[in-house]
Amino acid sequence: MPLRRHAIAKGGKVNPAFLDSLRSLLGDGLITSREELRTYECDGLTNLRVVPVAVALPSTAEQVQAIVRLCAREHVAFVARGSGTGLSGGALPVEGGIVISLARLNHILAVDIANARAVVEPGVINAAVTQLVAPFGYFYAPDPSSQSVCTIGGNVAENSGGAHCLKYGFTTTHVLGLEVVLPDGELVQIGGKTLDAPGYDLSGVFVGAEGTLGIATKIILRVVKRPEVIQTLLAAFDSTNAAGAAVSDIIASGILPAAIEMMDRLAIQAAEAAVHAGYPECGGLLLVELDGPAAEVEALMARVRLKCLAHGASPPIHVAQTEQERAVIWKGRKAAFAAMGRISPNYIVQDGVIPRTALPQVMEEIERLSAQAGLRVANVFHAGDGNLHPLVLYDRRIAGQEEAAEQLAADILKICVQAGGSITGEHGVGADKKMFMSEMFAEPDLETMQLVRCAFDPEHLSNPGKIFPRTPLCAERPGPYVPHPLELSGEAQLF
Ligand SMILES: Cc1cc2nc3c(=O)[nH]c(=O)nc-3n(C[C@H](O)[C@H](O)[C@H](O)COP(=O)(O)OP(=O)(O)OC[C@H]3O[C@@H](n4cnc5c(N)ncnc54)[C@H](O)[C@@H]3O)c2cc1C
């Protein structure tokens with residue numbers, strides 16, 4: 001007798017009547033052909049792949065609800081998907097389960113400038129929100145480098161960040177409320193149109209839950225008034241340590257830039273090869289953006305410039321003079337991941353966080369590990385909030401290099417945790433990092449998190465197998481893991 005949670009067939013088969021029901025609900029919005037399904041077999045983390053049984057493309061929240069109800073009835077796991085740009089395997093399909101793509105729920109439903117709000121469907125592309133509110137002098141602040149393609153639904157699930165989250169906060173700061181289809185198919189509203197709705201902060205729980213608590217079908221976002229002036233400075237240092245010291249000094253002095261980004265020599269070379277942003281050759285490049293009233297920005301920029309010089313930046317320090325120049329500077333930074341393809345056939349994007357002051361020590365360790373593994377590591381940082389993106393370069397065609405790269409990327413994460421940081425700053429845990437959760441959390445902590453999961457999704461149907469190193473049965477009591485009798489008899493297995 002299989003456990004209910006194991007009713008998902010491991011061989012990738014579901015009840016044909018289930019697919020028939022989906023087909024009559026969605027018509028051409030259901031994909032079942034093997035070739036087409038392969039488009040959905042992975043997200044941006046391409047080394048993990050699972051072909052789903054089917055991909056559903058609903059056009060309305062009611063259709064999402066009907067699909068989820070069918071899944072609940074048949075005990076079929078489902079994985080929500082936005083644009084599939086996630087880098088932690090969050091949208092990786094589940095064996096024997098279906099993918100629910102939110103691509104067709106891509107409408108901006110309302111813009112309420114007087115109250116600085118927009119209501120959007122989850123498949124809306126991040127950059128489209130700013131494009132829509134820009135004529136009114138507003139913008140949507142969270143700006144992942146993937147913002148021209150990733151969706152707001154994906155951003156909500158990952159609590160995505162971006163260069164400007166240092167000052168403006170991550171996605172969670174900008175989500176006021178949500179409409180959500182819970183894993184049993186119930187459609188609920190959480191949060192609201194105003195800040196700090198009474199009761200538990202359920203929006204705060206849902207944002208960053210990586211699709212494990214249900215599917216967002218509507219999102220109420222805050223938009224922000226565009227500052228009077230924005231200025232962007234480029235400062236070249238001999239090393240990332242010198243640039244890092246300038247970052248700590250700027251922030252310790254009470255200046256809160258809109259963004260502070262850092263790139264090392266290898267990252268600069270790759271970005272230059274890809275977009276010719278005009279970056280100087282140096283060991284550590286700082287990009288500091290200030291925004292606000294003109295007089296304030298001018299005064300603070302003078303102080304930032306002096307601090308950069310005091311920490312050894314090469315004069316003259318360049319401040320972009322036109323909007324076009326700023327855009328080119330940002331293009332280089334935002335293209336940095338993809339630009340790695342210019343200098344290496346393959347690469348792993350790592351995402352870890354450290355206290356800013358630990359930067360010199362962590363960089364030294366990364367260099368040591370990189371030399372030991374014989375693999376190059378390029379570094380791109382959201383330096384203001386200590387979020388590192390080491391890019392481990394390798395060549396899959398050389399036997400053993402991929403494994404060595406994966407090991408190196410894992411070792412880098414461990415250093416981040418040992419330095420008092422975290423295994424992820426913004427890309428999420430997904431399938432990729434779930435084994436590292438135990439590096440940061442003790443078993444009782446993980447069990448407590450699972451209790452939240454079980455309250456929303458006792459059957460573990462919504463994106464199972466992500467975030468947690470193992471999936472307990474919701475009826476389990478907290479405490480050391482005891483195998484279920486059916487596992488011991490070999491009739492069911494945990495996955
Ligand atoms: C070149 C590049 C640069 C990047 N830069 C950044 C960056 O600067 N900052 C950053 O934070 N990330 C960055 N990312 C990672 C990625 O773009 C973000 O995680 C993004 O939020 C994913 O959005 P998506 O629409 O592609 O979601 P997907 O990858 O499709 O899904 C991501 C997760 O969201 C869940 N999900 C999707 N839609 C919903 C929904 N409606 N309801 C519930 N769950 C849902 C999925 O199940 C999955 O777990 C980058 C990625 C790339 C490839």
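This passage walks through the overall build of the protein chain and then looks at three places in it.

The model is a predicted one, in which local features need pLDDT of at least 70 and side-chain atom pairs count only at pLDDT 80 or more, while totals for chains, interfaces and linings use all residues. Residues are numbered from 1 along each chain as its sequence is written, and side-chain values use heavy atoms, with hydrogens and water left out.

To start with the whole chain, there are 18 helices and 19 strands, taken as DSSP runs numbered from the N terminus (helices: H or I, at least four residues; strands: E, at least two). The radius of gyration is 23 Å, close to the 23 Å that the globule rule gives for 495 residues, so the chain is as compact as a globular protein of that length. Here the radius is taken over C-alpha atoms, and the rule is 2.2 Å times the number of residues to the power 0.38. Along the principal axes, the C-alpha atoms fill a box of roughly 70 × 55 × 45 Å. Of the 495 residues, 55% are buried (under 20% relative accessible area, with a 1.4 Å probe and protein chains only). As for contacts (heavy atoms within 4.5 Å), residues 24 or more positions apart account for 70% of those with a separation of 6 or more.

Next comes helix α10, which covers residues 265-275 and has L266, A267, I268, A270, A271, E272 and V275 buried. These buried residues pack against several elements, among them β13 (259-264), β14 (284-292) and α12 (323-334). Right after α10 sits H276, with a positive phi near 50 degrees.

Then there is D43, in the loop between α2 (34-37) and β2 (54-56). D43 is buried yet has no salt bridge, and the nearest side chain of opposite charge, R81, is 6.5 Å away. A salt bridge would take a side-chain nitrogen of Lys or Arg within 4 Å of a carboxyl oxygen of Asp or Glu. Backbone nitrogens do come into play: a polar atom of the D43 side chain lies 3.1 Å from that of G89, and the side chain also reaches that of A91 at 3.4 Å. Leaving aside residues up to four places away in sequence, D43 touches R81, G84, G86, L87, S88, G89, G90, A91 and L92.

Last up is F170, in the loop between α6 (165-168) and α7 (171-174). F170 and D143 are 27 residues apart in sequence, and their C-alpha atoms are 8.9 Å apart in space. Not counting residues up to four places away in sequence, F170 has contacts that include P142, N159, D385 and E426.

Conventions: Buried means under 20% relative accessible area, exposed over 50%, partly exposed in between (1.4 Å probe, protein chains only). Lys and Arg count as positive and Asp and Glu as negative; His and the chain ends are not counted. A polar contact is a pair of N or O atoms within 3.5 Å; within protein, one must be able to donate a hydrogen and the other to accept it, and residues adjacent in sequence count only if both atoms are side-chain atoms.
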